[in-house]
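Trainee: Could you take a close look at a single part of this model and describe it in a connected way?

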Amino acid sequence: MSRRAINLASVFSLLAITAGAIALLWWTPGEWWVAWPSSTRWAWAIGVTAAYFLICLLSLVKFGETRASTRHRETGLSAKVETGTGLDVLVLYASQTGTAEELATETVEQLRRAGVMAELNGIEEPDAERWSRANVVLIVASTAGEGDPPDHAYDFVETYMSESRNLGSVRFGVLALGDTDYDEYCAFGRQINRWLLDSGAMPLFDMIEVDDRDEEAIERWNTLISDRVLKREAIRDTVEIDRRGVGAPVMSMSGKLRDSVSL
């Protein structure tokens, strides 16, 4: 379920509760409270309810503006690219708060400035045929809650990640966003990385983990995009990473090696 759908559901739920409360008042005539709430408590109740409605409304407006801005930039960049390299690059995002979508958009801009025809989508949007047709798939994935996928990615997890796919012709890169303050650090990004390996896809480079939007990690991602995607000869020279070992090392920006586990 998307964030927009969740916000709408919250608003309608609150409206239903309010309607129910009014109906109960109508069905209960006379004095039925031992002590009528003070004017201060009424003011607090009304203020909190109004604030909740306002937060939901602002969230819906911000979500709409973000989507419109992304599509506008994507359209503008498409018009600027006159010739491509011949690569079919699919850039996908799984975003809960908008950070992953923002970074994915920046990746598309980087590719298109270099003449690569890159396509930007939410991770749940492409169908199986589109996945298999892409030469390169770049994924920016955040983790929500306790190791959960973002809301809009649930359908993708249930539909595609429930089993391995035939993606042997696809080369990929994963930028996993997380926060080490949480136990399930970068969990969804790691799940995607493992699923792609199990599906036969070839990694362009080790998965990059970003701790709380670490700029050094993001810069490394941009550098690897330039080295492994924009320089096409580097793609052919990419060293295959053993996708059979569950304990395959993942490059961390602290300079240490993490164990990439199947979560």
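Mentor: Asp212 is exposed, at 56% relative accessibility (exposed means over 50% relative accessible area, buried under 20% and partly exposed in between, with a 1.4 Å probe and protein chains only). The model is a predicted one, in which local features need pLDDT of at least 70, side-chain atom pairs count only at pLDDT 80 or more, and totals for chains, interfaces and linings use all residues. Residues are numbered from 1 along each chain as its sequence is written, and side-chain values use heavy atoms, without hydrogens and water.

Asp212 lies in the loop that joins strand S6 (208–211) to helix H7 (215–230); helices (H or I, at least four residues) and strands (E, at least two) are DSSP runs numbered from the N terminus. The backbone of Asp212 has a positive phi, near 55°, in a residue other than glycine. Arg213 belongs to the loop between S6 and H7 as well, and its phi is also positive, about 55°, although Arg213 is not a glycine. In exposure, Arg213 is partly exposed, with a relative accessible area of 34%.

Earlier in the chain, helix H6 (residues 187–198) offers a contrast in cover: eleven of its twelve residues are buried. Among them are the charged-type side chains Arg190 and Arg194, together with Phe188, Ile192 and Trp195. From its first C-alpha to its last, H6 reaches 17 Å, close to the 16 Å expected (1.5 Å times one less than the number of residues). Gly200 follows H6 and has a positive phi, near 90°.
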